[in-house]
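I opened a notebook page for this structure and wrote down each thing as I looked it up. The sequence and the model come next.

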Amino acid sequence: MTALPPPSAKKLGLVIDLDTCVGCQACVTACKGWNDQGYGAPLSDMDAYGSAPCGTFLNRVHSYEVQPEAAAPQIINFPRSCLHCDNAPCVTVCPTGASYKRAEDGIVLVNESACIGCGLCAWACPYGARELDAEAGVMKKCTLCVDRIYNDNLAEEDRVPACVRTCPTGARHFGDLGDPESAVSRLVAERGGYDLMPEMETKPVNKYLPPRKKGAVEASPLAPLLDVQATGFAGWLDRLLEKF
Ligand code: SF4
Ligand code: SF4
Ligand code: SF4
């Protein structure tokens, strides 16, 4: 068991806009590209051009079709990476102390040299935000691009996470969510940003901005066929959309 530090005043994190994300996967590619060559061991790619390619990613984007009541079905693109939780079960469950949360800025990291690849943290994370790298044998997760955001060798405009720098629709924002006056905190307040699955009580630092319902229209003729309670992230997004 690893103890968590007291909640830091500075809470660096991402704000992701589900209304403007178009699911283009540019952030996934930028994340993989940057993190393949810097912090920690490279991210594996196995059978990359074969029939069963698989590999390690720190950020994935899933697309779901949801069916709000009395509205047309719509696609929601849902980027998923570590949310740098204040109450991080992945940290407390780690038997070696390899997983830790930084007191100074709240970033959750893995010390790869202390990781024994047991996978407990991935099991404890309710968001599926950690991936065990099969080649390196160590746990991988979003580092919040800690090797970019404090990197004086980069131009100032590049001292943001690779995914934020790359997103063509400006759907990803980076900043200090512990400062109520920061641009990201103001954005969350203005747009009604929310925690992902708050019932898990992980207190995520990252926030999501809600998608808009695409106008009330006649219910789709397919609605009865879709009238099945979706589960997991899809079900959660379904219920969320009903609120906006
Ligand atoms: S780059 Fe931006 S628009 Fe494209 S999938 Fe990622 S968050 Fe969505
Ligand atoms: S999202 Fe998962 S991996 Fe990231 S801090 Fe929270 S529990 Fe840990
Ligand atoms: S902050 Fe960096 S490591 Fe995290 S998802 Fe974005 S590009 Fe990947």
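My entries below go from the whole chain to its sheet, its ligands and one residue.

**Ground rules.** I am working with a predicted model, in which local features need pLDDT of at least 70, side-chain atom pairs count only at pLDDT 80 or more, and totals for chains, interfaces and linings use all residues. Residues are numbered from 1 along each chain as its sequence is written, while chains are lettered from A and ligands numbered from 1 in the order in which they are written.

**Confidence.** I looked up pLDDT, the predictor's confidence in each residue, from 0 to 100, and found that its mean over the chain is 89, with 88% of the residues reaching 70 or more. For residues 216-220 the pLDDT is below 50, and this stretch has eight contacts in the model beyond near neighbours in sequence, a contact being two residues whose C-beta atoms, placed from the backbone, lie within 7 Å. Residues 222-228 also have pLDDT below 50, with two such contacts. I noted for myself that where pLDDT is low, the predicted coordinates should not be read in detail.

**Whole chain.** I found eight helices and eleven strands, which are DSSP runs (helices H or I, at least four residues; strands E, at least two) numbered from the N terminus. Of the 244 residues, 36% count as buried; a residue is buried if 20 or more other C-beta atoms lie within 10 Å of its own, exposed if 12 or fewer, and partly exposed in between, with C-beta atoms placed from the backbone. Among contacts between residues at least 6 apart in sequence, 64% join residues at least 24 apart.

**A sheet.** I followed an open sheet of three strands in the order β10-β1-β11, with mixed pairing, where two strands pair if DSSP finds at least two bridges between them. The edge strands, each pairing on one side only, are β10 (172-176) and β11 (207-209), and the twist from one strand to the next averages 25 degrees. Strand β1 (residues 12-17) runs parallel to β11 and is joined to it by three bridges; D17 has L209 in β11 as its bridge partner. Helix α6 (residues 183-191) lies across β1, β10 and β11, at about 120 degrees to β10, the axes being lines fitted to C-alpha atoms (for helices over the stretch in contact) and angles running from 0 to 180 degrees between N-to-C directions.

**Ligands.** Which residues are the closest to ligand 1? Among the 14 that surround ligand 1, they are C21, C24, A26, C27 and C167, where near means that the C-beta atom, placed from the backbone, lies within 6 Å of the molecule. Helix α1 (26-35) and strand β5 (74-80) each give two or more residues to this shell. Around ligand 2, also with 14 residues, C82, C85, A88, C90 and C125 come nearest. For ligand 3 the closest of 14 are C31, C142, C145, P161 and C163, and α1 supplies the largest share of the shell, four residues.

I then sorted the shells by class: Ala, Val, Leu, Ile, Met, Phe, Trp, Tyr, Cys and Pro count as nonpolar, Asp, Glu, Lys and Arg as charged, and the others, Gly among them, as polar.

| Shell | Nonpolar | Polar | Charged |
|---|---|---|---|
| Ligand 1 | nine | four | one |
| Ligand 2 | ten | two | two |
| Ligand 3 | ten | four | no residues |

**One residue.** I ended at A122 in helix α3 (residues 120-124), which is partly exposed because 17 other C-beta atoms lie within 10 Å. Not counting residues up to four places away in sequence, A122 touches R130, E131, L132 and M139.
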